[in-house]
Amino acid sequence: MPRYSTALTGGQVSYLPSAIAQTLFGTAYVSGNSVKKKVVPSCGVDPCVTTNAGYKLWAASDLVETPSVAWLVKGLMPQKGLGLFYGPSGVGKSFLLLDLVCSIAEGERWFGQRTKRAPVIYLCLEGSAGFVGRVKAWQKANDRAFPELIRIIVQPFNLHKPDDVYLLLRDVKRFIKSLPLELGPPVIVVDTLNRAMAGKDENGSTDMGISLEACNLLVEGTGGFVLVVHHSGKDADRGPRGHSSLVPAADASIAVTRSGQKRHWEAKKVKDGEDGIEGSFQLEQVVLGIDSDGDEVTSCVVCRDTDPGGDKGEPELSSSLKRALASLEQAIHQSGTVGEGGTALVDFRAWRANFFESCIVPSESGKRNAFLRAKNDLQERGFVVLNGDSLEVKPACLTLMKSSLG
């Protein structure tokens, strides 16, 4: 069984004082000379573990003289701690996240907020091909090479495997030693939490606890910031998925949302800072080349929206979404029936056929991709619900059809 050594943790983590540590490592080992080596009992608390140094009893006057918080992103993320970056699928959070880490790696302002230039270790645990596309798009849009301070890991990584955590700490420390001293402590991006605890229950207190303990070890072992990427639950307003211990454990959290073509981020939690800082952005498509079918290969980059205007809840419709609504309206007239509560029921295959017929993209693969994007967009807005071959069209979608299609 591997042990967390002082060399890896910098002496910051002495042991994991809970049943979680025992679940993860079998035995909770102690590093350094100040704490006795002891097996944590099943109750999770060992009253026999003592420190030779004892406890420092601070006076309030001493504490107020301690330095103020050091910021990674001013007012949003501390240099040391655990962060959450979450939102539903399709809101553009992957593109926004890449924009954020590039700003940190270059020491540039992010949506007007100052950053401390720091190395970034990005654990790309899902969709590495998509990540490469985003990198290429960033380079093309910015007309320069991708920041050297960002290093990407594409191998599997699991927070529940001690060897994985050990090796990551070791390799991050080796990388940091080769860098200039004036940089800030490292940022480790875990994208996504679900992949980093594969096979475990993100809703379970024990499994989530083990994941948080491992993240804590990465924070203390590097003195830096661990940013965990996660998804929202079915109700995006209720925050990220998973056990309720996740949000309280974070020192900072940013939620990414979308309404029509308008996309937003908001600081939902900033320890020692002010909640509610927000920004708006759009995604600009970048053409990367042509594939073997003759279709354009594209990705996107973030464009800051300096004048977002309008209500966040006001829907904006792209031409492709209008086409999706028009083909859906046609399918309803052809074979639709009235459901409960003013909804309409339509054959999913009939809608798809109408969409393909009206779609201006020449290739079949292009039509399929366009239809998939349109379907996902309507589902994310809560306008349609797919049940097998039957599509339930909500009243809000029917209202939108009337107002936008005339």
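These are my notebook entries on strands, salt bridges, backbone outliers and one helix in a predicted model.

**Entry 1: strands S8, S9 and S10**

I began with S8, residues 252–259, and S9, residues 262–270. I found the two strands antiparallel, joined by eight bridges. I looked up the partner of Ile254 and got Ala267 in S9. I then checked the connection between S8 and S9. The two strands form a hairpin, with two residues between them. Gly260 sits in that turn and has a positive phi of about 65 degrees.

Next I followed S9 to its pairing with S10, which covers residues 278–290. S9 and S10 are antiparallel too, with four bridges between them. Here I noted Glu266 opposite Glu278 of S10. S9 thus pairs with S8 and with S10.

**Entry 2: strands S13, S14 and S15**

I moved on to S15, residues 390–393, and asked which strands pair with it. S13, residues 344–347, is joined to S15 by four bridges, and the two run antiparallel. In this pairing I found Leu345 opposite Glu392. S14, residues 384–387, also pairs with S15 in the antiparallel sense, again over four bridges. There Val384 faces Val393 as its opposite residue in S15.

S14 and S15 form a hairpin with two residues between the strands. I checked the backbone at Gly388 in this hairpin: phi is positive, near 65 degrees.

**Entry 3: salt bridges**

I counted salt bridges for the whole structure and got 13. I looked at several of them in turn.

Lys80 and Glu220 came up with an N to O distance of 3.0 Å between their side chains. What does this pair tie together? Lys80 is in the loop between S2 (77–78) and S3 (81–87), while Glu220 belongs to helix H8 (residues 205–222), so the salt bridge links parts 140 residues apart in sequence. I checked accessibility for both partners. Lys80 is partly exposed at 38% relative accessible area. Glu220 is also partly exposed, at 22%.

Arg151 and Glu148 form another salt bridge, at 3.4 Å from N to O. Arg151 is partly exposed, with 38% relative accessibility. Glu148 is exposed, at 60%.

The third pair I opened was Asp251 with Lys271, at 3.6 Å from N to O. Asp251 is in the loop between helix H9 (246–249) and S8, and Lys271 is in the loop between S9 and S10, so this pair ties together parts 20 residues apart in sequence. Is Asp251 buried or exposed? I found it buried, with a relative accessible area of 16%. Lys271 is partly exposed, at 48%.

I also noted a network. Arg170, Asp171 and Arg174 are joined by salt bridges that share partners.

**Entry 4: backbone outliers**

I kept the usual background in mind: most residues other than glycine have a negative phi, and most peptide bonds are trans.

I looked for a cis peptide bond and found one between Asp191 and Thr192, with omega about 10 degrees. Thr192 lies in the loop between strand S6 (187–191) and helix H7 (193–196).

I then took the positive phi values at residues that are not glycine. Phe111 is one of these, with phi about 50 degrees. Phe111 lies in the loop between helix H4 (93–106) and strand S4 (120–124). Its relative accessible area is 17%, so I count Phe111 as buried, the cut-off being under 20%.

Asp272 is also not a glycine, and its phi is positive at about 65 degrees. Asp272 is in the loop between S9 and S10. Lys271 of the third salt bridge is in that loop as well. Asp272 is exposed, with a relative accessible area of 59%.

**Entry 5: helix H8**

I returned to H8, the helix that holds Glu220. How many residues does H8 have, and what span does it reach? I found 18 residues and 26 Å from the first C-alpha to the last. That is close to the 26 Å expected at 1.5 Å a residue. I then checked burial along H8. Of its 18 residues, 14 are buried, so H8 is largely enclosed by the rest of the structure. Glu220 is partly exposed. Just after H8 comes Gly223, with a positive phi of about 70 degrees.

Key: Residues are numbered from 1 along each chain as its sequence is written. This is a predicted model: local features need pLDDT of at least 70, side-chain atom pairs count only at pLDDT 80 or more; totals for chains, interfaces and linings use all residues. Side-chain values use heavy atoms; hydrogens and water are left out. Two strands pair if DSSP finds at least two bridges between them. A salt bridge is a side-chain nitrogen of Lys or Arg within 4 Å of a carboxyl oxygen of Asp or Glu. Buried means under 20% relative accessible area, exposed over 50%, partly exposed in between (1.4 Å probe, protein chains only). The expected span of a helix is 1.5 Å times one less than its number of residues.
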